[in-house]
Amino acid sequence: IFFQIFDAFKSRLHDSNSKVNQVALETMHKMIPLLKDNLTPVINMLIPAIVDNNLNSKNPGIYAAATNVIQALCQHLDNSLLLQPFCTKAQFLNGKAKQDMTEKLA
C-alpha cells in the first residue's frame, strides 16, 4: 500500500497546476522527517518527481520548496541511499538543477 500511496502522490509533485505542485512539495518536506528511512523503497520513484522541472522552475515558491525537500532528504535519510539517484539526476539535468544536484553530491 505504501507504493500505491506514493505512486499517486508522485504525480502531484509535478502537477501542471503550480499551486498543487507547490503544496505537494511542501507536504513532502513535512513527511520526510516523519518517515525517514521508511522512504527507502520509494526513493528512486520520488527523487525524479521532486527534481524534474521543480529545481529548474521559474516559480520561486516551487524552486524553494523543491530545494527544501532535497535538503530534508539529505538530513533525514542515509546518504548512501541518495547517492545513486542524485548522481543519475545530476548527470542528465541542465541549468540550475544540475548545479544544485552537483553541489548536494559534493
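Reader: Hi! How are H1 and H3 oriented to each other, roughly parallel or roughly perpendicular?
Author: H1 and H3 are roughly parallel, because angles under 35 degrees count that way. Helix H1 (residues 2-12) and helix H3 (residues 43-51) pack at an angle of about 10°, with their axes 10 Å apart. Axes here are lines fitted to C-alpha atoms over the stretch in contact, and angles run from 0 to 180 degrees between N-to-C directions. Helices are DSSP runs (H or I, at least four residues), numbered from the N terminus.

Reader: Thanks! Is this a predicted model, or what?
Author: This is a predicted model, where local features need pLDDT of at least 70, side-chain atom pairs count only at pLDDT 80 or more, and totals for chains, interfaces and linings use all residues. Residues are numbered from 1 along each chain as its sequence is written, and side-chain values use heavy atoms, with hydrogens and water left out.

Reader: Which residues of H1 meet H3?
Author: Phe 3, Phe 6, Asp 7 and Lys 10 meet Met 45, Leu 46 and Ala 49 of H3, contact being heavy atoms within 4.5 Å.

Reader: And Phe 6 with Phe 9, what kind of aromatic pair is that?Author: The structure holds 2 aromatic pairs. Phe 6 and Phe 9 form an edge-to-face one, 6.2 Å centre to centre with 85° between the planes. Rings of Phe, Tyr and Trp (its six-membered ring) pair if their centres lie within 6.5 Å; planes under 30 degrees apart are stacked, over 60 edge-to-face and the rest tilted.

Reader: Are those two buried or exposed?
Author: Phe 6 and Phe 9 are both buried, that is, under 20% relative accessible area (1.4 Å probe, protein chains only).

Key
Helix = DSSP H or I, 4+ residues; strand = E, 2+ residues; numbered from the N terminus. Buried < 20%, exposed > 50% of the residue type's maximum accessible area, 1.4 Å probe, protein only. Parallel < 35°, antiparallel > 145°, perpendicular 65-115°, else oblique.
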